[in-house]
Amino acid sequence: MSLHRLLFVCLGNICRSPIAQGVFAHVAAKAGKSALFELDSAGTAAWHVGNPPDIRAQAAALKRGIDLSDQRARQVASQDFETFDMVLAMDRHNHAVLLDIAPQNCTDKVQLFLGPGYEPIQRDVPDPYFGGEEGFDEVLNLIEAGSRALLTRLV
Ligand code: 4NP
């Protein structure tokens, strides 16, 4: 079986995409499939470069046994479209931004994280940054379901 290099991308790279990296790694590990994946995350914006994930994101993930504390935010770079097999946007806004900056020969790698099987209206993981802590639990729920669906698609 071949290696899948996956890059999860949101806006700030401190909430949704670090959660997706951590949750997908957890789901793959529980399925005994860790060796099949190389995972990273990035943001389309540069505001939080170098920062760890938002403390609310870390707390919500840790409640499920997932430690995000080693992750640091970075901005997506043109090289990422060559390095990764899939560049997975957490919502339609970031999907559109990624399609704008992707090299012509890499646009098929750019996909929505909530992929086939989700109704178009459900395909955004909502941005929890300006909301309360309960928003992070909802994001964790969506990302867990999306990660299981993605793993099933890929293995
Ligand atoms: P993320 O959330 O894209 O899921 O990391 C956000 C983090 C920060 C900001 C917006 C969204 N911000 O405006 O600083």
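Which residue caps the N-terminal end of α2? The points below take up this question and then turn to the ligand, helix α4 and several loop positions.

1. The structure under discussion is a predicted model. Asp54 is the residue that caps the N-terminal end of α2, with a side-chain oxygen 2.8 Å from the backbone nitrogen of Arg56. Asp54 itself belongs to the loop between β2 and α2. Its relative accessibility is 11%, so Asp54 counts as buried, the limit being under 20%.

2. The surroundings of Asp54 deserve a remark. Apart from residues up to four places away in sequence, Asp54 touches Ile14, Cys15, Tyr129 and Phe136. Among these, Ile14, Cys15 and Tyr129 also appear in the list of residues that surround the ligand.

3. Helix α2 spans residues 55-62. Its buried residues are Arg56, Ala57, Gln58, Ala60 and Ala61. Arg56 is thus listed as buried, and its backbone nitrogen is the atom that the side chain of Asp54 reaches. The cover over the buried residues of α2 includes α1 and α5, the latter comprising residues 133-154.

4. The ligand site draws on several parts of the chain. A run from Cys10 through Leu11, Gly12, Asn13, Ile14 and Cys15 to Arg16 contributes to the surround, together with Trp47, His48, Asp127, Tyr129 and Phe130. By class, this shell consists of 7 nonpolar, 3 polar and 2 charged residues.

5. Three backbone contacts to ligand oxygen can be specified. For Leu11, a backbone N or O atom lies 2.9 Å from an oxygen atom of the ligand. For Gly12, a polar backbone atom is 2.8 Å from an oxygen atom of the ligand. For Cys15, the distance from a backbone N or O atom to an oxygen atom of the ligand is 2.9 Å. The ligand taken alone exposes 360 Å², of which the protein buries 93%.

6. Asn13, one of the residues surrounding the ligand, has a notable backbone setting. Its phi is positive, at about 60°, although Asn13 is not a glycine. Asn13 is placed in the loop between β1 and α1, and its relative accessibility of 2% makes it count as buried.

7. Why do the buried residues of α4 lie on the same side of the helix? In α4, which covers residues 92-101, the buried residues are Asn94, His95 and Leu98. They cover an arc of only 105° around the axis, and therefore they sit on the same side of α4. These buried residues pack against β1 (4-10), α1 (16-30), α3 (80-83), β3 (86-89) and β4 (110-112). At the start of α4, a side-chain oxygen of Asp91 comes to within 3.3 Å of the backbone nitrogen of His93.

8. Thr44 and Gly50 share a loop but not an exposure class. Thr44 is located in the loop between β2 and α2, and Gly50 is located there too. Thr44 is buried, with a relative accessible area of 15%, whereas Gly50 counts as partly exposed at 44% relative accessibility.

9. The contacts of these two residues can be set side by side. Leaving aside neighbours within four places in sequence, Thr44 is in contact with Val9, Cys10, Leu11, Gln75, Val76, Asn94, Val97 and Leu98. Two of these partners, Asn94 and Leu98, are listed among the buried residues of α4. With the same kind of exclusion, Gly50 is in contact with Arg72 and Ala73. The C-alpha atoms of Gly50 and Arg74 are separated by 6.3 Å, while the two residues are 24 apart along the chain.

10. The loop between α4 and β4 holds Pro103 and also Cys106. Pro103 is partly exposed, with a relative accessible area of 24%, whereas Cys106 counts as buried at 2% relative accessibility. Residues up to four places away being set aside, Pro103 touches Phe81 and Glu82, and Cys106 likewise touches Phe81 and Glu82.

11. Two C-alpha separations complete the account of this loop. Cys106 and Val87, 19 residues apart along the chain, have C-alpha atoms separated by 9.5 Å. Pro103 and Val155, 52 residues apart along the chain, have C-alpha atoms separated by 27 Å.

Technical notes. Residues numbered from 1 in each chain as written. Predicted model: local features only at pLDDT ≥ 70, side-chain atom pairs only at ≥ 80, totals over all residues. Heavy atoms only, no water. Buried < 20%, exposed > 50% of the residue type's maximum accessible area, 1.4 Å probe, protein only. Helix = DSSP H or I, 4+ residues; strand = E, 2+ residues; numbered from the N terminus. Arc of directions from axis to C-beta. Contact = heavy atoms within 4.5 Å. Polar contact = N/O pair within 3.5 Å; in protein donor to acceptor, adjacent residues only side chain to side chain. Near = heavy atom within 4 Å. Areas by Shrake-Rupley, 256 points an atom, 1.4 Å probe, with all protein chains shown as cover. Nonpolar A, V, L, I, M, F, W, Y, C, P; charged D, E, K, R; others polar.
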